[in-house]
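Take a look at the chain below. This report goes through its helices, its main pocket and a patch on its surface.

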Amino acid sequence: YDSDLEREVVGETNGNFKRLTISLLQGNRHEEKEVDLVLAKEDAIELFNAGINRFGTDESKFNSILVTRSYRHLKAVFAEYKVDARRELDVDIRTILRWRKNYTIQTAGEDIEKSIKTEMTGELELGFLSIVKKIKNTATYFAEELYRSMKGLGTDDDQLIRVIVWRSELDLVEIKGAFSSLYGKGLDEYIKEDTSGDFKQLLLAIVQ
């Protein structure tokens with residue numbers, strides 16, 4: 001396209017979502033296979049304190065952890081976030097209550113996705129949720145993307161092609177299984193109902 005991708009993204013996005021997309025484009029995610037469980041716990045506490053355990057949200061902390069840590073490490077972080085951050089909480093609740101009447105502290109006995117939905121909105125929320133979902137269960141994430149491309153009126157052909165062709169030699173079998181479990185009907189059945197002609201035949205040839 002005779003254009004710099006990062007420059008295009010800078011021109012088309014803004015705010016914290018721009019910072020997230022630029023960070024992803026840097027390709028600085030760690031690739032180590034070993035998981036440091038102590039660091040995973042620390043990261044879980046950092047995310048907790050950057051989000052539901054404070055007034056306002058420190059999006060930069062979510063960015064630095066979710067964009068740079070390895071997938072294996074983040075799976076451990078998400079588990080620690082849900083289980084341990086509550087036990088590690090170091091807050092004088094009475095002081096909080098003096099600041100704001102009827103304020104109820106939310107501890108991280110909840111999934112990281114729920115916290116993101118609580119703390120963020122719009123494209124930034126979708127961006128962080130996409131990262132988390134893909135890390136937690138890649139097959140389920142892409143099954144949801146395929147369903148989203150076909151549900152309702154019309155079909156998002158570009159998204160449908162992108163996912164099926166991209167994942168065809170990677171994990172399409174697992175994605176098909178996740179799709180059937182989530183929606184009670186096979187991916188091929190949805191394709192037959194939602195597409196037509198040579199396009200339908202091409203997609204079915206790949207999927208089946």
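## Sorting residues by class

Residues can be put into three classes. Ala, Val, Leu, Ile, Met, Phe, Trp, Tyr, Cys and Pro count as nonpolar. Asp, Glu, Lys and Arg count as charged. The others, Gly among them, count as polar. These classes come back with the pocket.

## The chain overall

The model is predicted. Its chain has 208 residues, and 38% of them are buried. The secondary structure comes to 14 helices and 0 strands. Read along the sequence, the pattern is therefore α-α-α-α-α-α-α-α-α-α-α-α-α-α, with helices numbered from the N terminus.

## The largest pocket

The largest pocket has a volume of about 580 Å³. Of the 22 residues that line this pocket, L126, S130, I131, Y141 and E145 are the closest to its centre.

Which helices supply at least two residues each of the lining? They are α2 (15-25), α9 (122-136), α10 (138-150) and α11 (157-167). Helix α9 gives the most, with 8 residues. Now use the classes: the lining has 12 nonpolar, 4 polar and 6 charged residues.

## Y141, a residue of the lining

Y141 lies in helix α10. Is Y141 buried or exposed? Its relative accessible area is 13%. Buried means under 20%, so Y141 counts as buried. Yet Y141 is among the residues closest to the centre of the largest pocket.

Y141 also has a partner far along the chain to compare with. Y141 and I175 are 34 residues apart in sequence. In space, they are 8.4 Å apart, C-alpha to C-alpha.

## E174 and A143

E174 sits in helix α12 (residues 172-183). Its relative accessible area is 46%. That value lies between the 20% and 50% cut-offs, so E174 is partly exposed.

How many residues apart in sequence are E174 and A143? The answer is 31. Their C-alpha atoms are 9.1 Å apart in space.

## A nonpolar patch on the surface

Four names make up a nonpolar patch on the surface: I161, V165, L202 and I206. Together they have about 310 Å² of accessible area. Helices α11 and α14 (197-207) each supply at least two residues of the patch. Helix α11 also supplies at least two residues of the lining of the largest pocket.

I161 is one of the patch residues, and its place is in helix α11. I161 has 34% relative accessibility. Because partly exposed means between 20% and 50%, I161 counts as partly exposed.

How values were computed: Residues are numbered from 1 along each chain as its sequence is written. This is a predicted model: local features need pLDDT of at least 70, side-chain atom pairs count only at pLDDT 80 or more; totals for chains, interfaces and linings use all residues. Side-chain values use heavy atoms; hydrogens and water are left out. On a 1 Å grid over the protein atoms alone, a cavity is a set of points where a 1.4 Å probe fits but cannot get out, and a pocket is an open set with protein on both sides within 12 Å along at least five of seven lines; lining residues have an atom within 4 Å of a point. Grid points are joined across faces, edges and corners, and a volume is the space filled by probe spheres set on the points. Helices (H or I, at least four residues) and strands (E, at least two) are DSSP runs, numbered from the N terminus. Patches are made of residues with over 30% relative accessible area and no salt bridge: like charges are joined within 9 Å, nonpolar side chains (Val, Leu, Ile, Met, Phe, Trp, Tyr) within 5 Å. Accessible areas come from the Shrake-Rupley method with a 1.4 Å probe; for residues, only the protein chains shown count as cover. A salt bridge is a side-chain nitrogen of Lys or Arg within 4 Å of a carboxyl oxygen of Asp or Glu. Buried means under 20% relative accessible area, exposed over 50%, partly exposed in between (1.4 Å probe, protein chains only).
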